[in-house]
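I opened a fresh notebook page for this chain. My plan is to go through the fold, the core, the pocket and one loop residue.

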Amino acid sequence: EKQRHSRDDRCLNSALPWEKQNTAKRATDIGAASHHKHEIKKVRTQKQALHRRKKISAGGSPHLQTTMQAFRCAAVTVSGDAFGRVAFSRAVAARCGPHSTKHMNLAFRPFTPKSLAPGAFLSPGARSFSSNEAGPRPFRILGLQQIAVGSLSKQSMSSIWMDILGLTKAGHYASERENVDEDILVLGKEGSPFAVEVDLMTPIDPEKSPKVHSPALNHIGLWVDDLPRAVEWMEAKGVRFTPGGIRKGASGHDVTFIHPKGNDAAPIGGAGVLIELVQAPPDVVAATATRT
């Protein structure tokens, strides 16, 4: 019995080094396999990054190519290179991530394909407008001429603007055609070239258009030193004006209005705001000239 136990012990002891050797070998194999997987993944990532760089340099995916083409064209046909660069950069960054903006210089290489000629991406019937089409700006915006607010209740407007804020009434204007009954207030010294007019407007008939009480902040007015030339230049740029052209306003000055929204024929509007352009009288032109 003792001899049997002794023999078993010798067998066990002789087996231990072999088991240890196998365990160490397995650990080495596992480590080598893990390292090999890591190297394969690293090479694959590098290849994918190289592929993306080549793709962007060549013009990108079909979606990106379409975006690049559209905004290249927009830079030429609608609002000039400055706007086109900003819009294109934002569009590509939104689609491909901020890292893609470093390739923006690729988007503004000389661009001449017939399929992407100026106007190719505008809707049917739309005109194209070049940033240099009408030359330098032949007019100056001199300052704020008026703000016009509207409400169904003239009493509520008078309460805040006159009784509380202290503006004084300088005149009154009414027009059936324009569906307006307004009190004209003055902000600043009356007669001063820097005074600002505040118009409190109520509709003669609330059911008819124009509805001068909606929106409540109806429009703003800007002094212009040469209204006819300003209108001519802006129309060449694609600015949309409201019907009626240049006509006499409530204060006796020539006025016209930039439409709040553009359309296909004239894509530039007031971005939701009705803007009145008012011909400045000589004293306002002279006063603003000395200030500048």
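In what sense do β5 and β8 pair, and over how many bridges? I looked up the pairing: β5 and β8 run parallel, joined by 6 bridges. I keep in mind throughout that this is a predicted model.

**Entry: confidence**

I checked the pLDDT before anything else. The chain mean is 76, and 60% of the residues reach 70 or more. Residues 70–88 fall below 50, and in the model this stretch has 37 contacts beyond near neighbours in sequence. Residues 99–126 are also below 50, with 44 such contacts in the model.

**Entry: overall layout**

I counted 6 helices and 8 strands in the protein chain. Along the sequence I read the pattern α-α-α-β-α-β-β-β-β-α-β-β-β-α. The chain has 292 residues, and 31% of them count as buried. I then turned to contacts with a separation of 6 or more. Of these, 59% link residues 24 or more positions apart.

**Entry: the sheet**

I traced the strand order next. It is β2-β3-β4-β1-β5-β8-β7-β6, an open sheet of 8 strands with mixed pairing. Why is one side of β2 and of β6 left without a neighbour in the sheet? I found β2 (168–175) and β6 at the edges; each has a single partner strand, so one side of each stays without a neighbour in the sheet.

I followed β8 to its other partner. β7 and β8 are antiparallel, with 4 bridges between them. Here Ile258 has Ile275 in β8 as its bridge partner. On the β5 side, I noted Val224, whose bridge partner in β8 is Gln279. I also checked burial: 5 of the 6 residues of β8 are buried.

Further along, β6 joins β7 through 2 bridges, and these strands run antiparallel. Lys248 is matched there with Asp254 in β7.

**Entry: strand β4**

I asked how many residues of β4 are buried. The count is 7 of 7 for this strand, residues 196–202. I then split β4 by face. Val196, Val198, Leu200 and Thr202 lie on one side, with Glu197, Asp199 and Met201 on the other, and all are buried. I note that Glu197 and Asp199 are among the buried residues.

I looked at the partners of β4 as well. β1 (residues 141–150) runs parallel to β4, with 5 bridges. In that pair Val149 stands opposite Leu200. β3 (residues 180–187) pairs with β4 in the antiparallel sense, over 7 bridges. There I found Leu185 opposite Val198.

**Entry: nonpolar core**

I pulled the largest nonpolar core. It has 12 residues, including Phe139, Trp233, Met234, Phe241 and Leu277. Both α5 (227–237) and β8 (274–279) supply at least two residues of this core. The largest share is from α5, at 5 residues. Val224, Ile258 and Ile275 are also members.

I picked Met234 for a closer look. Apart from neighbours within four places in sequence, Met234 is in contact with Phe139, Val239, Phe241, Ile258 and Leu277. In general, nonpolar side chains of soluble globular proteins tend to be buried together.

**Entry: largest pocket**

What volume does the largest pocket have? I read about 760 Å³. Its lining has 36 residues, and Pro210, Asn218, His219, Phe257 and Leu274 lie nearest the centre. I listed the elements that give two or more residues to the lining: β1, β3, β4, β5 (217–224), β6 (247–248), β7 (254–258) and β8.

**Entry: His213**

I found His213 in the loop between β4 and β5. Is His213 buried or exposed? The cut-off for buried is under 20% relative accessible area. His213 has 18% relative accessibility, so I count it as buried.

I then listed its contacts, leaving aside neighbours within four places in sequence. His213 touches Gly150, Ser151, Leu152, Pro203 and Pro206. I also checked His213 against Val180. They are 33 residues apart in sequence, and the C-alpha to C-alpha distance is 9.2 Å.

Conventions: Residues are numbered from 1 along each chain as its sequence is written. This is a predicted model: local features need pLDDT of at least 70, side-chain atom pairs count only at pLDDT 80 or more; totals for chains, interfaces and linings use all residues. Side-chain values use heavy atoms; hydrogens and water are left out. pLDDT is the predictor's confidence in each residue, from 0 to 100. Contact means heavy atoms within 4.5 Å. Buried means under 20% relative accessible area, exposed over 50%, partly exposed in between (1.4 Å probe, protein chains only). Two strands pair if DSSP finds at least two bridges between them. A nonpolar core is a set of buried Ala, Val, Leu, Ile, Met, Phe, Trp, Tyr and Cys residues joined through side-chain atoms within 4.5 Å. On a 1 Å grid over the protein atoms alone, a cavity is a set of points where a 1.4 Å probe fits but cannot get out, and a pocket is an open set with protein on both sides within 12 Å along at least five of seven lines; lining residues have an atom within 4 Å of a point. Grid points are joined across faces, edges and corners, and a volume is the space filled by probe spheres set on the points.
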